[in-house]
Amino acid sequence: MSKSSKIRVVVILAVVIALYVIPQSPLTTDNTMRIGLLIALYCTLGLMWNLMAGYTGMVSLGQQIFIGIAGYNVAVFATTFGLPFWAGMFCGAGISVLLSVALSFLLFRMKGMYFAIATWITSEALKIIFTSWEFVNMGGGMTIKLRPYPDVFELYYISLTLVIGAFLVVFFVLNSRIGLGLKAMRDDDDASAAMGVNIFRAKLLCFMISGFVTGLCGALFYINQGSIFPGPGFGISWTVAAVFIVIIGGIGTITGPIVGAIIYVFLSEFLSQYQGYSMIILGVIAIAVILGLPYGIVGTIERKFGFEVLSTRRTMKNLLSGGRANVDYSRGRDLRVSK
Amino acid sequence: MAALLRFEHVDAGYGNVRILEDLSFEAEYGQILGVIGPNGCGKTTMFNACIGHITPTSGHILFDGKDISKFSPAKRVHMGIGRTYQVPRPFENMSVFENVLVSAVHGAGHTERQGARIAEEALGITGLTEKAELIAGSLTLLDRKRLEIARALGTEPKLLLLDEVAAGLIETEIKDIMKLVADLKSKRGLTIVWIEHVIETMVGATDALMCISEGHELLIGDPRAVMDSREVEEVYLGASDEEVNAA
């Protein structure tokens, strides 16, 4: 390992340890824990949307499918069957994976905006089904009854572990041979097929990972919230949050969603006192960032300094011998915007 | 069987538009088969059918004796078909090296470390070694065309489909590309199907020449004989003669 990557690993480990240790200090309150928990969950949500849109070009508007499914699973398992929350959480994530496989045969026939709209329609259909399904109390929603109810500290630690796990999964997928194919697919899927990339398999893998992790994330959101309704559960605002987080942070960067999630959570906490205007203000901020920093905050910094916090770029020197070569970004022209 | 690639009465097109009509030809092992024909006659569509971007509505495409008509593009690449695009389609946000690495890893089935050697070689052959770490989107047209060839070579093909690799280049650049193609045939024993508009290129550099007209093969044979034939002159050059006379 080179010196710079050693420093990087040390810094990352230090941050992770700090995130586990800080809550033990007497200064932390339930409210700071709640904010930490939300940042971890929104970051996970963003990471999974980024894995699909930022690395494979599948722009999903239906991430709430997995959130709602997992949320309802927790509610049904806990309230109807009296089972512990983790049973509902993993069952919900499992069903999300099965659902992603089943949907893939229909959805992957479509590309671009057609794919996006189809995922959205799927979530709207689920919303209608859950609103008229007596087993889940129709439109009346469900309260999650757990005894003992996990406190905010416990949920924070679970969420922190989840977001770290999500990072590791994304990092390893992108560094694998499939990840190499995914990036090619994002730039040009016909040409990547003509270079031998198995597009269906690569897309399916991403969709399944995204379904599983987003499902776990949704379950934790709703355990934290205590009740679930079909409207918000399958609402587009989950995906809107993910899109905001990824665009602000930097689409197609691994660390972008952290920055995006921190900004999103603090902004929505601050804006919650301006009910009704908050979405408008978030929208204006998103537009301003897109105009000023088209690659997002992390993406712009990385381009300016030719440096990536966690790089998945392969260099010839690196693969043939070891050691790290620099990619010349300054001469690169980017088509992500004009495309 | 002497033919590496064989089209048998292939009909194909996009949606309801039929471009190829009853197209039959073969490319023999180790041969450079040139393909000419007026714009819109179906040359590129023939390549799209070869690689599997479109599926024939009738007829068969045989590669190495196997019917590949219904195979996915990825599977055809694994079998040994490599193609370039007329308008280069590099993976714009990846480096030149990564572009070729994709084809060596996914097309030829190597690990990334083995693939890096294949990519290094392909970049060497096409003269892109110096530019390996540049972002592909920043390349000039000539380099993009070279990258198309490097990427196709990365898949370690038996059959190379070249789609107008010389078009839009200046004369010295065309000479470079022609030498490259000739080397690929003689040193690597590749079978090459080569679409090109630059007539002089085609007569000198190919073993056989096919002229396509309205999706159907008009004439296949010795390059000089095909070029000199009256039919080819009528469909391919005749139009421009009339334009000259009219003007």
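**Chain B's sheet and the A–B contact**

User: Glad to look at this predicted model with you. Which residue in β4(B) does E8(B) stand opposite?

Analyst: E8(B) has its opposite number in β4(B). Strand β4 of chain B covers residues 58-63 and runs antiparallel to β1(B), with five bridges joining them. The residue that E8(B) faces there is H60(B).

User: Nice. In what order do the four strands of that open sheet in chain B come?

Analyst: Let's build it up from the pairs. Strand β1 (residues 3-14) of chain B pairs with β2 (residues 17-28) of chain B in the antiparallel sense over eight bridges, and L5(B) stands opposite A27(B) in this pairing. On from β4(B), two bridges lead to β5(B), again antiparallel, with L62(B) and D67(B) as bridge partners. Put together, the order is β2-β1-β4-β5.

User: And which strands of chain B stand at the edges?

Analyst: An edge strand here has a single partner strand, so one side of it is left without a neighbour in the sheet. In chain B, that description fits β2 and β5 (66-67).

User: Which residue takes a positive phi in the hairpin of β1(B) and β2(B)?

Analyst: Happy to point you there. This hairpin has two residues between the strands. The positive phi, near 60°, belongs to G15(B).

User: Let's turn to the interface. How much area do chain A and chain B bury between them?

Analyst: The contact draws on 38 residues from chain A and 40 residues from chain B. Carbon and sulfur atoms account for 59% of the buried area. The total comes to about 3,400 Å².

User: How many salt bridges does the rule find across the interface of chain A and chain B?

Analyst: One of them joins K183(A) to E98(B), whose closest N and O atoms are 4.0 Å apart. Polar contacts between the two chains number 15 residue pairs, both residues being at pLDDT 80 or more. For salt bridges across this interface, the count is five.

User: Which helix gives the most to the side of chain A that touches chain B?

Analyst: Three helices of chain A each supply at least two residues to that side: α7 (177-187), α8 (189-194) and α15 (316-320). By class, the side has 13 nonpolar, eleven polar and 14 charged residues. With eight residues, the top contributor is α7(A).

User: Finally, where in chain A does pLDDT stay under 50?

Analyst: Chain A has a mean pLDDT of 87, and 94% of its residues reach 70 or more. Where pLDDT is low, the predicted coordinates should not be read in detail. In chain A, the stretch under 50 is residues 323-339.

Terms used. Residues are numbered from 1 along each chain as its sequence is written. Chains are lettered from A and ligands numbered from 1 in the order in which they are written. This is a predicted model: local features need pLDDT of at least 70, side-chain atom pairs count only at pLDDT 80 or more; totals for chains, interfaces and linings use all residues. Side-chain values use heavy atoms; hydrogens and water are left out. Contact means heavy atoms within 4.5 Å. Buried area is the accessible area (1.4 Å probe) that two parts lose on being put together, summed over both. A salt bridge is a side-chain nitrogen of Lys or Arg within 4 Å of a carboxyl oxygen of Asp or Glu. A polar contact is a pair of N or O atoms within 3.5 Å; within protein, one must be able to donate a hydrogen and the other to accept it, and residues adjacent in sequence count only if both atoms are side-chain atoms. Ala, Val, Leu, Ile, Met, Phe, Trp, Tyr, Cys and Pro count as nonpolar, Asp, Glu, Lys and Arg as charged, and the others, Gly among them, as polar. pLDDT is the predictor's confidence in each residue, from 0 to 100. Two strands pair if DSSP finds at least two bridges between them.
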